[in-house]
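Welcome! Take a moment to look over the sequence and the model, then try the exercises at your own pace.

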Amino acid sequence: MFAKIIGVFSTWAIPVLLFVIPVVAFTKKVKVYESFVDGAKEGFDVAVKIIPYLVAILVAIGMFRASGAMDIFIKLISPLTNLIGLPAEALPAALMRPLSGSGSLGIATELMVEHGPDSFIGRLVSTFYGSTETTFYVIAVYFGAVGIKKTRHAIPGGLIGDLAGLLAALFICKIVFG
Amino acid sequence: MLNYIWLGLMAIAIFVGALNGRLAEVTNAAFEYAEISVDIALGLIGIMALWLGIMKIAQEAGIVNFLAKAIKPISKRLFPEIPSDHPAIGAMVLNIAANWLGLSNAATPLGLKAMEELQKLNENKDTASNAMATFLALNTGSITLIPATIIGVRVSLGSTNPTEIIGTTIFASTFATIFAVTGTKLLQRLPMFKIGDVEEKENTDEVKEVK
């Protein structure tokens, strides 16, 4: 039921926004067409500005993935994750999440093909995927767009969130599906 | 921070790749991801233009300002440095709302608009402000009411109840957001993340240039 309501909401959200904002603006005597074009002009600049930042981050992450370093890292920390009851198979999906959106989706899909989407692992990796964003991508794009090079505490802050999300996902899945 | 992470990822990749005999794959990945990055960026142009256009209309109609005023009690605590009637607040509200609804196409352009507004208030143009870091924490934690992508995958794999993970996802992402924001707020006080040091370095650089 909740899912249906939200489903309807997300279908309607964009059309409603695209209708309400210009209409409200028009009643307030905004020259809607001119304003739109004026704002849209910036789209190209912003997109081009983030290219160097994206190349830097995604190339490094791509190389890291291709080298097989992730497998070694997983072997190293799996005794620790076994302690908290995180299945070893699900670990790569959790660790890849902050680094690469497509990578973690790929891993989650593979695991669901292997174990089935309705298995505990399938539900757990689905929750992992939905519960945090690709931290490094967000940082590259958002800071890149305004030319920020010194990110200060933004990365550690984001990673604290990722870790909390991982533990919370494991905890709630154990209770609900365990 | 990014210096160490970036160098670490690349150096480990090459070191481990050499040990594993996967150097060719590592090289290919470097070229492949350089191309993917440009595809992603160029792919954003149209959607960016659309949402920045709508955003401009919303701004001129006073809608953005209205939203900013509506959440003043919250924004005052999260972003004490930002005046509560500043357009940055309105842009951030729209970005967070788009994230919650899973409208990622709209979320990124609105988020970048918010960053642009935050940058106007930032005194060190190459250094992240506290407000920016807090805003990013809200984004990386990112509460999603409908994780549409993963639900799609579950449907295609024949799940009997593809949406059953919505509840667990909301729970976990709420936790992630609370910890990301609290963590960021606490970390900003640490001496190693002070803006002051950075400023000094910049000043000495400028002095060198003058000489």
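Below are four short exercises on this predicted model, each with a worked solution.

**Exercise 1. Describe the fold and extent of chain B.**

Step 1: Start with the secondary structure. Chain B has 10 helices and zero strands.
Step 2: Follow the chain along its sequence; the pattern reads α-α-α-α-α-α-α-α-α-α.
Step 3: Now look at the extent. Along the principal axes, the C-alpha atoms of chain B fill a box of roughly 65 × 55 × 35 Å.

**Exercise 2. Work out how much of chain A and chain B meets, and what kind of residues chain A brings.**

Step 1: Count the residues in contact: 96 from chain A and 101 from chain B.
Step 2: Turn to area. The size of an interface is often given as the accessible area lost when the parts come together. Here about 8,300 Å² is buried between the two chains, and carbon and sulfur atoms give 77% of that.
Step 3: Find the residues of chain A that lose the most area to chain B. They are A:Tyr142, A:Arg152 and A:His153, which together make up 10% of what that side buries.
Step 4: Look at polar contacts across the interface: the rule finds 23 residue pairs. On the chain A side, helix H10 (residues 154-177) gives the largest share, 17 residues.
Step 5: Sort the chain A side by type, which yields 62 nonpolar, 23 polar and 11 charged residues.

**Exercise 3. Find the salt bridges, and explain why the one between A:Arg123 and B:Glu164 joins two chains.**

Step 1: Search the whole structure; nine salt bridges turn up over all chains. Across the interface of chain A and chain B, the rule finds five.
Step 2: Pick out an example. The side chains of B:Arg154 and A:Asp118 form a salt bridge at 3.6 Å, N to O.
Step 3: Take the pair in the task. A:Arg123 and B:Glu164 meet through their side chains at 2.7 Å, N to O.
Step 4: Place both partners. A:Arg123 sits in helix H8 (residues 120-131) of chain A, while B:Glu164 is in the loop between helix H8 (148-156) and helix H9 (166-187) of chain B, so the pair joins two chains.

**Exercise 4. Which residues make the nonpolar surface patch of about 580 Å²?**

Step 1: List the members: A:Val8, A:Trp12, A:Val16, A:Phe19, A:Val20 and A:Val23.
Step 2: Locate one of them. A:Val8 belongs to helix H1 (residues 2-27) of chain A.

Conventions:
Residues are numbered from 1 along each chain as its sequence is written. Chains are lettered from A and ligands numbered from 1 in the order in which they are written. This is a predicted model: local features need pLDDT of at least 70, side-chain atom pairs count only at pLDDT 80 or more; totals for chains, interfaces and linings use all residues. Side-chain values use heavy atoms; hydrogens and water are left out. Contact means heavy atoms within 4.5 Å. Buried area is the accessible area (1.4 Å probe) that two parts lose on being put together, summed over both. A salt bridge is a side-chain nitrogen of Lys or Arg within 4 Å of a carboxyl oxygen of Asp or Glu. A polar contact is a pair of N or O atoms within 3.5 Å; within protein, one must be able to donate a hydrogen and the other to accept it, and residues adjacent in sequence count only if both atoms are side-chain atoms. Helices (H or I, at least four residues) and strands (E, at least two) are DSSP runs, numbered from the N terminus. Ala, Val, Leu, Ile, Met, Phe, Trp, Tyr, Cys and Pro count as nonpolar, Asp, Glu, Lys and Arg as charged, and the others, Gly among them, as polar. Patches are made of residues with over 30% relative accessible area and no salt bridge: like charges are joined within 9 Å, nonpolar side chains (Val, Leu, Ile, Met, Phe, Trp, Tyr) within 5 Å. Accessible areas come from the Shrake-Rupley method with a 1.4 Å probe; for residues, only the protein chains shown count as cover.
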